Amino acid sequence: MSTEAVAERPSSTAERTPTASASLIARGIVKRFGPVVAVDHADFEIGPGVHALLGENGAGKSTLVKAIYGYEQLDEGEIVLDGRHVEVKSPAVARRLGIGLVFQTFTLIPALTVTENVALFLPDLPRVLHHDEIASRIRETAQRYGLAVDTERRVGTLSLPEQQRVEILRVLLSGAKILIFDEPTSTLPAQEVDALFDVFRRLRDDGYPIVLITHKLAEVFALADTVTVMRRGAVVDTVPISSVTEDALVEMMFGEKPPAVQRAAIAEHAATEEPLLELRNATCVGQGRPLVGLGLTLAPGEIVGVAGVSGNGQRELADAVTGLSRIKSGSRILFGEDASTWSVRRIRDAGVGFVPESALGQELIWNMTLEENVALGSPRQFSRLHGFALDWRGVRTDWESEFAKLDLHLPDPKRRAGTLSGGNAQRFALARELAREPRLLVALYPTHGLDVPSTVAVQQLLLQAGARGCAVLLVSQDLAELTALSDRLVVMRDGRIVSELDPRTTNAYEIGRHMTGGDA
Amino acid sequence: MSAVAAAIVHNPAAEWFGRHPRVREAARWLAWALVAVLAYVVLILIYGKSPLHAFHEIWANTLSTKYGLEDVLVRMTPLLFCAMAVAIPARVGQVNVGGEGQIFIGGLTAVWVALTFLSWPSWLLLPAMGLAGMAGGGAWAGIAGWLKARGWMSEVFSTVLMNYVAILAVSALVFGPWRDPTSSNYPQTREISPSARLPHFGATRIDVTLVIAVAVVVGFAWFLRSTRWGLEIRAIGGNPYAAERNGVHVSRYVIGCMVVGGALAGLAGMGQLSALQFRLNPGLSPGFGYVGFLLSWLAGHNPRLIVPMAFLLAVLASSGDILQISQGLPSAIVNVLSAILMLVVLLARARTKVSTA
């Protein structure tokens with residue numbers, strides 16, 4: 001296997017034709033985790049071209065490719081590579097066979113340089129590293145596919161898109177003939193996605209079979225030649241992209257068409273009432289990007305969207321409102337009181353709720369049960385005997401009524417939060433916050449990484465909160481979501497609010513211009 | 001997967017155990033315990049002694065006699081306190097390696113009270129000494145907790161370093177101003193008065209601190225499970241970032257748990273002084289703080305496991321002297337066994353396979 005990699009040495013640069021025209025057939029793949037069947041007799045065929053593997057969260061896409069890559073052991077099924085039966089017992093074997101997988105979360109070593117990270121992966125790594133030679137091989141491949149990266153930089157100092165390029169380079173240089181990408185766009189800001197797709201097209205034109213795991217339909221139609229849809233661990237069908245419509249794919253993914261969200265009539269009284277939140281010339285210096293001179297008001301029932309290229313202070317804005325970071329100068333006024341020095345607890349108790357980007361990472365305690373998580377959200381409310389006991393019956397009643405009110409499926413309260421899927425954890429966290437009947441809700445990328453039904457559910461809950469008179473500060477990456485839900489839209493850049501737009505009249509192009517500062 | 005590993009995975013016994021996870025768990029621990037015993041047997045054989053005799057001696061002199069059992073329980077008391085001094089901060093993610101220093105500071109403040117308020121009656125003096133010991137140990141650990149909460153210094157380093165400061169501070173005092181002029185050669189304080197000595201239960205050598213120690217362990221288990229603060233502590237242990245989002249004052253708990261842990265170690269120091277040694281000297285603790293650290297990690301900071309583990313380690317500590325006297329084995333041999341036990345427990349608990357990627 002390594003001989004092929006050696007043949008790719010720069011000596012043959014001039015007429016290097018891609019070695020790749022491999023084909024892989026996976027038949028009857030079964031993968032169980034205890035009683036759960038994650039992949040259920042899946043058939044999957046890869047030849048030249050881009051193959052989309054489509055399905056909602058938890059449909060089994062990642063598990064299927066991890067099984068092909070040897071990261072998970074197969075329970076049943078066989079893999080045929082270029083007409084030969086192969087047993088992929090480990091990722092090392094997969095790499096030797098020429099199967100490359102770019103994980104959703106990257107596996108690079110931050111303290112090493114790009115060259116060193118790539119070198120670690122090379123199958124023909126000599127005992128003494130020829131650093132310059134490896135670097136020039138990287139640069140050459142990078143140039144060929146449009147993967148520009150500085151080979152001498154430490155990976156820890158690179159941005160996420162750059163790290164992704166390094167991951168791809170590493171897989172290419174390790175001699176992969178088949179490339180699998182697990183949700184490659186999930187960590188990318190919108191404007192980087194096009195560049196990545198260009199890379200994919202160049203790779204495809206060189207004959208590499210590419211597998212693209214995704215739950216976004218737009219990506220499938222932009223790139224794929226064929227699409228395989230998975231639902232609940234099973235392959236529903238594989239079809240050429242030319243013969244399928246968006247609606248048909250949605251139906252294959254979910255079995256039915258999900259409803260779209262609609263913003264009801266905007267509360268007209270909003271503007272006349274006293275604002276619930278007011279930031280006056282607020283400056284915050286916390287862990288992330290400093291916020292400078294922020295001014296923002298939120299009236300009851302109003303949903304204010306915050307747009308911006310990721311990393312321009314949106315997260316810090318949410319922290320400034322929820323009290324996680326301190327106000328250095330200026331003021332934070334909540335419900336008519338000066339709350340500049342309030343703690344997170346005091347702000348929560350005053351009626352501010354928070355919906356995070358990842359409920360399990362930022363809001364729920366994974367090894368505590370759901371009812372314990374509910375109690376943790378408002379420990380004072382559920383305290384008895386001055387805190388020496390907790391009112392579990394109250395927790396239960398509160399919870400049942402709230403879930404019924406929100407028309408949500410009721411999970412078992414004794415379940416541990418960590419066993420919920422991403423979408424259900426997000427719904428649970430949102431329901432928990434709404435049960436506290438907040439007057440102000442801060443939602444930070446609340447639908448990030450969720451599949452379509454979960455996204456719709458979360459968006460509807462936000463709208464319901466607004467209809468109840470709760471003010472919502474909605475930070476999102478998804479411009480369509482922002483324009484559909486918001487009453488007003490502000491754009492952040494470099495830690496400042498640079499403009500305010502009317503979501504009913506603006507468009508993605510205009511928002512993008514304000515986000516990137518291209519309006520000068 | 002290697003052939004050996006494959007054989008382990010695909011065998012009927014493994015499948016049977018797979019259906020009975022509790023039995024499997026028990027069997028696994030039993031197997032590892034057997035490994036520890038075997039390692040010990042080999043060690044004794046290397047010394048040319050009979051393991052059977054050695055085990056018999058241990059049994060005969062610790063668990064089967066009243067005196068032996070008392071010795072075990074007396075040794076167990078400071079271990080329980082010191083284990084809790086580690087376990088409580090560990091629940092909010094803090095590693096308190098400073099139990100040893102906190103014992104010494106607790107002994108120091110307690111002896112100061114005992115030698116200053118000589119005229120106080122027992123019922124007043126003993127609680128005052130207990131509170132002083134707790135205040136001393138608590139403040140000592142609180143410094144480390146405060147440094148951590150401010151983000152200035154890791155508690156791992158500050159607690160370790162402060163151990164030296166504490167022990168040397170005690171030395172400085174007993175070599176200098178607090179030295180007992182009547183015991184010319186020994187660097188130690190004067191003896192505390194009889195009213196400053198904890199009474200023992202009947203004719204035994206056991207005193208009330210053992211009861212307090214067990215109550216602390218049981219009480220903490222209840223506290224964690226049932227109270228609002230216990231819920232918040234568990235939240236910090238599970239995900240400090242999320243806990244903060246939920247409005248939990250994480251840094252207050254970090255300092256608070258360090259203070260409570262240090263206070264318990266300080267109480268252990270007061271107990272050693274008041275119930276057993278009656279004088280403060282640099283030998284107040286033969287490393288209880290470190291054994292307590294080991295113990296808490298052995299028990300996974302779980303209060304329910306801390307009591308039996310403390311008992312086991314107390315038996316081991318007690319048997320060290322016995323083996324030295326009766327078998328002529330070096331008493332340090334029990335330290336080897338403690339270390340083997342630690343390794344075995346860590347191995348038995350290691351369930352995460354290193355990825356083959």
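Me: How many residues of domain 1 of chain A are in contact with domain 2 of chain A?

Reply: This is a predicted model, where local features need pLDDT of at least 70, side-chain atom pairs count only at pLDDT 80 or more, and totals for chains, interfaces and linings use all residues. Residues are numbered from 1 along each chain as its sequence is written, while chains are lettered from A and ligands numbered from 1 in the order written. On the domain 2 side of chain A, eight residues take part in the contact (C-beta atoms, placed from the backbone, within 7 Å). Domain 1 of chain A supplies seven.

Me: How far apart are the C-alpha centres of domain 1 and domain 2 of chain A?

Reply: Chain A is divided into domain 1 (2-254), domain 2 (271-351 + 438-520) and domain 3 (368-436) (bounds from an automatic or database assignment). Domain 2 of chain A is thus written as two stretches. The C-alpha centres of domain 1 and domain 2 of chain A are separated by 36 Å.

Me: What share of the contacts in chain A with a separation of 6 or more joins residues 24 or more positions apart?

Reply: The count takes in contacts in chain A with a separation of 6 or more. Of these, the part between residues 24 or more positions apart is 69%.

Me: How do α14(A) and α15(A) lie relative to each other?

Reply: Chain A has 18 helices (DSSP H or I, at least four residues) and 22 strands (E, at least two), numbered from the N terminus. The axes of α14 (392-405) and α15 (422-435) of chain A come within 10 Å and cross at roughly 110°. Because 65 to 115 degrees counts as such, the two helices α14(A) and α15(A) are roughly perpendicular.

Me: Which residues of α15(A) make the contact with α14(A)?

Reply: From α14(A) come D398(A), W399(A), E402(A) and F403(A). Facing them, α15(A) gives A431(A), L434(A) and A435(A).

Me: Which are the edge strands of the sheet β12-β11-β14-β15 (chain A)?

Reply: These four strands form an open sheet with antiparallel pairing (at least two DSSP bridges). Inside the order, β11 (277-284) and β14 (329-334) of chain A are joined by five bridges. Each edge strand pairs on one side only; the edge strands of chain A are β12 (291-298) and β15 (337-338).

Me: Which element gives the most to the side of chain B that touches chain A?

Reply: The contact between the chains takes 29 residues from chain A and 21 residues from chain B. On the chain B side, α10 (228-238) and α11 (240-245) give two or more residues. With seven residues, the element that gives the most is α10(B).

Definitions and conventions. Two residues are in contact if their C-beta atoms, placed from the backbone, lie within 7 Å. Axes are lines fitted to C-alpha atoms, for helices over the stretch in contact, and angles run from 0 to 180 degrees between N-to-C directions. Angles under 35 degrees count as roughly parallel, over 145 as roughly antiparallel, 65 to 115 as roughly perpendicular and the rest as oblique.
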